[in-house]
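These are my notebook entries on one structure, written down in the order in which I looked things up. I began with a pair of packed helices and worked outwards from there.

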Amino acid sequence: MRAVPRGRWTAGHLASRRAWRQLGKALADVAPDAAWDLNALAELDHVGALVLWRHWGRQWPQRVSISDAERRALIGRVAAAPEQAPERRRASAAQALDSLGAHIVAVLGQMRDFTALTGQLLLDLLQLLARPARGPWRDFSGHLYNIGAQALAITALVGFLIGVVLAYLMSSVLRQFGAETFIVNILGLTLIRELGPLLAAVLIAGRSGSTITAQIGVMRVTEELDAMRVLGIPLGFRLVLPRALALAIVMPLIAVWTTVAALIGGILAANITLGIGTGYFLEALPRVVPVANLMLAVGKSAVFGVFIALIGCHFGLRVQPNTESLGQGTTASVVTSITAVILLDALFAVVFKSVGL
Amino acid sequence: MAQAAREQEAAIEVRGLWSIFPKPGGGEVVVHKDLDLTVRRGELLTLVGGSGSGKTVLLRNMLGLDTPARGSIQVLGRPVAALSGPGAAARVGMLFQQGALFSAFSVLENIAFPLREMGGLPAALQREAALLKLQMVGLAPDDADKMPSELSGGMVKRVALARALIMDPPLLMLDEPTAGLDPGSADAFVGLLQTLHRQLGLTVVMVTHDLETLFAVATRVAVLAEQRIVIVAPVPEVLAFEHPFVQQFFLGPRGRRAMELTGVQAPAGPAPKQGQ
């Protein structure tokens, strides 16, 4: 009995599922003591040779005919290769416990780093106040533009639509009670005090928090952060401070902008569904919504901004020099900053529950 | 006889290639102007040229990563556009300057990646094929489960070479294979390249600035200057070629030192004048 393989035994050819199945069938039909004739093969490469070698049970068959010296050398190389890589280490229960502990320690470490980052920001701020002329103002104005000016369109659109939707929903309920004019109270209070700042902060956290993390993370990957440290340029003062400052100023402005867009949407919808005129709405608004609400909104927006910047920088600085870590860092940054914004908002709601209501 | 005929066959044919890039602030830069180049099967062609002369651009054109403004490129008898797509790893291998290993994968996963993407082969076979290539580039099986960030520069290049060769492509392209390696690793890597070139009958196109590597391995040298290939010839003929760039590049102090080390004879005649 003779076994005469034909055709192309190459990785590119064998790797298709169909070719592999056909080969498996053909090899199964070959008798174990067959004489092998490899001279009819059109092509043979390392993967093809490996298939043969494995079929032969990792030893030369009793009778084999190879006239081509290169081909024989090829199979020889495959024969000389190590069979298996060392076993991968399996995770045991003790290791699982270890990794849990390591996880907890890592979370505590993150909190410590974040605290240090916040403290450093305060120190940098004092330094800036002492010598304002030496501040990173060019970076600052660039961030103002990128984080603020470029977000105007998206925040206005989202705000406007939320205002319209909210007014429509309210109007159907209010009409049942004959309390149409209360739409001014409801829209004014929710949009100015809560939804405007919150929407703006969530949008900016998603948009700019991720940018900050990615920017700083790529600087880690390309060793720019190390270069800055070697050149004696303080990372906090040059990277964190301008971003935190820019967000502290931009965030309240964007919050007010979003609120205005939402109110315009609300006024429009109220006008259409309830017939409440724009003039009445604008005249009633200052009466029913105390100005303290606006102050509160602006104040908490500034805090949101600083936290978004700090969280973005924190995760950016923790990025390891590989692609996976960069992706994880950016995701963690966005999720954490949105969560932080909502938690802070709840905190503000509790602390300031007697203000402006 | 068939062997000789095959060697005369062209592995890569570049005809009338123009590369034009927009200049920042308006205008255009012509990098290649009506460039012709033929790479023969089985040879180890080294591409040299000054900084910014477009060596890497030419290499990327030959890989089909960039499309030239004008001109045709045939690789292994087919237009270069047919090179990419599924199974590209079986047609051409490329070693990038930084290795370009996938940082999220281990060494073995990196090497086996092209096989795994083809989908047909069982995992055990993929793993063993990758181990074989790992051994062929001179790494130990213990390195298989390391991550790219744990590797030294020389090891990164070796793993990248193993990945480029996993499907035994007939054609291998290298961009500065010895850049960033210490002399010992560079020598070892050059030795490895020669061995693989001989064992596997590869056609190799290599971009390099490293004269020692060039003198040690190149069967022919292509010199890129004045937006075209000014000469393609074996090292001695290139050294005797009268051209300012060639004279400056090969017969400067570094070139002479590299010649002494590798035993290449400098052509007779007066040394080139300084300040060309």
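**Entry 1: two helices that pack**

In this predicted model, I first looked up how H3(A) and H4(B) lie against each other, and I found that they pack at an angle of about 120°, with their axes 10 Å apart. That angle makes H3(A) oblique to H4(B), because the roughly perpendicular class covers 65 to 115 degrees and roughly antiparallel needs an angle over 145. I also noted that the crossing of H3(A) and H4(B) is right-handed.

Which residues make this contact? From H3(A) I listed A:His46, A:Val47, A:Leu50 and A:Val51, and from H4(B) I listed B:Leu125, B:Glu128, B:Ala129 and B:Leu132. Sorted by class, the contact of H3(A) with H4(B) has 6 nonpolar, 1 polar and 1 charged residues.

**Entry 2: the surroundings of H3(A)**

Next I asked how many residues of H3(A), which spans residues 46-55, are buried. The count is 7 of the 10, so this helix is largely enclosed by the rest of the structure. I wrote the buried residues down as A:His46, A:Val47, A:Gly48, A:Ala49, A:Leu50, A:Val51 and A:Leu52.

What do these buried residues pack against? Within chain A, I found strand S2 (7-9), helix H1 (11-14), strand S4 (41-44) and helix H4 (69-80), and from the other chain there is H4 of chain B. After H3(A) comes A:Gly57, and I noted that its phi is positive, near 70°.

**Entry 3: the contact between the chains**

I then widened the view to the whole contact between the chains, which takes 25 residues from chain B and 25 residues from chain A. On the side of chain B that touches chain A, the elements that give two or more residues are helix H3 (107-118) and helix H4 (123-136) of chain B. The largest share of that side comes from H4(B), with 8 residues. By class, I recorded 14 nonpolar, 6 polar and 5 charged residues on the side of chain B that touches chain A.

**Entry 4: strands in each chain**

In chain A I looked up an open sheet of 3 strands, whose order is S1-S3-S5 and whose pairing is parallel. Its edge strands are S1 (2-3) and S5 (64-65), each of which pairs on one side only. Strand S1(A) is joined by 2 bridges to S3 (residues 35-37), and these two strands run parallel. Here I noted that A:Ala3 has A:Trp36 in S3(A) as its bridge partner.

In chain B, strand S1 (residues 10-22) and strand S2 (residues 28-40) pair in the antiparallel sense over 9 bridges, and B:Ile20 stands opposite B:Val30 in S2(B). The hairpin of S1(B) and S2(B) has 5 residues between the strands, and in this hairpin B:Gly25 takes a positive phi near 90°.

**Entry 5: the chains as wholes**

Finally I looked up totals for each chain. Chain A has 13 helices and 5 strands, and of its 357 residues 32% count as buried. Chain B has 10 helices and 10 strands, and buried residues make up 42% of its 276 residues.

For contacts with a separation of 6 or more, I noted that residues 24 or more positions apart account for 88% in chain A and for 67% in chain B.

Methods. Residues numbered from 1 in each chain as written. Chains lettered and ligands numbered in written order. Predicted model: local features only at pLDDT ≥ 70, side-chain atom pairs only at ≥ 80, totals over all residues. Pairing = 2+ DSSP bridges. Helix = DSSP H or I, 4+ residues; strand = E, 2+ residues; numbered from the N terminus. Contact = placed C-beta atoms within 7 Å. Nonpolar A, V, L, I, M, F, W, Y, C, P; charged D, E, K, R; others polar. Buried ≥ 20, exposed ≤ 12 C-beta atoms within 10 Å, placed from the backbone. Axes fitted to C-alpha atoms, helices over the stretch in contact; angles between N-to-C directions. Parallel < 35°, antiparallel > 145°, perpendicular 65-115°, else oblique. Left-handed = near helix turned anticlockwise from the far one by under 90°.
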